[in-house]
Amino acid sequence: MFGFGKPTTLPTPDQALPGREQQPWTLGEHVVLHTPVVSDDVPDGHEVAILGLGCFWGAEEIYWQVPGVWSTSVGYAGGSTPHPTYDEVCSGHTGHTEAVRIVFDPARVSYADLVKKFFEIHDPTQGMRQGNDVGTQYRSAIYWTTPEQEQTARELTKVYGEELARRGLGEITTEIRPAAETPYYYAEDPHQQYLAKNPFGYRCHANTGVSFPA
């Protein structure tokens with residue numbers, strides 16, 4: 001958390017830390033939902049959403065409470081270093097942002113509703129920061145997994161951006177990219193469901209205070 005003095009520009013791939021060939025830790029069951037944390041095998045009919053909205057502890061806590069969400073995990077997305085550690089990501093030299101991976105049943109909760117909540121629970125105008133948390137790991141990001149998700153993400157970004165402009169607030173800086181361009185790497189076990197394990201732990205919910213327009 002926090003990060004004053006950290007880089008606020010992304011490293012190029014040749015500048016990024018080298019990382020490692022495989023994940024050096026194992027992960028088990030989601031301590032809240034009792035589903036696998038490593039959810040690469042997605043149940044039939046389910047989809048994956050990958051969102052970056054500041055410190056991933058508080059973001060994951062919000063999403064695991066949404067009806068229709070089957071599993072959540074925290075990890076690193078949008079960077080160049082393979083299988084980075086938390087400390088490496090925090091250094092600003094991997095290019096990753098802290099992200100939440102959400103496996104959900106679209107028959108019970110729509111991708112659009114997940115994205116609307118995304119905009120309401122963080123501040124998408126702050127660039128490489130969220131509140132007092134400063135650095136590239138805190139940038140706002142949507143990594144879409146289907147063309148339909150991309151269309152939804154871009155449409156809702158436009159709608160919310162217009163609402164912020166109407167209120168005299170800043171422009172949205174959210175990075176929107178295909179998930180296929182940037183692997184998602186699962187974070188270490190202590191960070192998974194951190195706030196279920198540490199109920200009085202740190203939560204950063206910087207936001208604009210603006211509800212998504214009807």
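Two strands are taken to pair where DSSP finds at least two bridges between them, and on this basis the predicted model contains an open sheet of six strands in the order 7-6-1-3-2-8, with mixed pairing. The edges of this sheet are occupied by strand 7 (175-178) and strand 8 (185-186), each of which has a single partner strand, so that one side of each is left without a neighbour in the sheet. Strand 7 runs parallel to strand 6 (residues 140-144), the two being joined by four bridges, and within this pair Ala141 stands opposite Glu175 of strand 7.

Two helices were found to lie across strands of the sheet. Helix 1 lies across strand 1, strand 2 and strand 3, and runs at about 165° to strand 2, whereas helix 3 lies across strand 1, strand 3 and strand 6, running at about 170° to strand 6. Helix 1 (residues 56-64) is largely enclosed by the rest of the structure, because nine of its nine residues are buried; these include the aromatic residues Phe56, Trp57, Tyr63 and Trp64, together with Glu60 and Glu61. The elements that cover the buried residues of helix 1 include strand 1 (47-53), strand 2 (69-77) and strand 3 (97-104), as well as helix 2 (86-90), helix 3 (111-120) and helix 5 (194-197).

Tyr63 of helix 1 is also, with Ile102 and Ile142, among the residues with the most contacts inside the largest nonpolar core, which has 43 residues. When residues up to four places away in sequence are not counted, Tyr63 touches Leu51, Leu53, Val69, Thr72, Ile102, Leu114, Lys117, Phe118 and Ile121. Apart from this core lies another, of 13 residues, among them Trp25, Ile50, Ala141 and Ala179; Ala141 is thus the residue already described as standing opposite Glu175.

A search of the whole structure finds zero disulfides. The sulfur of Cys55 has its closest cysteine sulfur in Cys204, at 6.9 Å, which is too far for a bond, given that a disulfide requires sulfur atoms within 2.5 Å. Both cysteines nevertheless count as buried, Cys55 at 4% relative accessibility and Cys204 at 12%.

Asp41, by contrast, which lies in the segment before strand 1, counts as exposed because its relative accessibility is 73%, the threshold being over 50%. Asp41 is separated from Thr152 by 111 residues in sequence, and the C-alpha atoms of Asp41 and Thr152 are 24 Å apart in space.

Definitions and conventions. Residues are numbered from 1 along each chain as its sequence is written. This is a predicted model: local features need pLDDT of at least 70, side-chain atom pairs count only at pLDDT 80 or more; totals for chains, interfaces and linings use all residues. Side-chain values use heavy atoms; hydrogens and water are left out. Buried means under 20% relative accessible area, exposed over 50%, partly exposed in between (1.4 Å probe, protein chains only). Contact means heavy atoms within 4.5 Å. A nonpolar core is a set of buried Ala, Val, Leu, Ile, Met, Phe, Trp, Tyr and Cys residues joined through side-chain atoms within 4.5 Å. Axes are lines fitted to C-alpha atoms, for helices over the stretch in contact, and angles run from 0 to 180 degrees between N-to-C directions.
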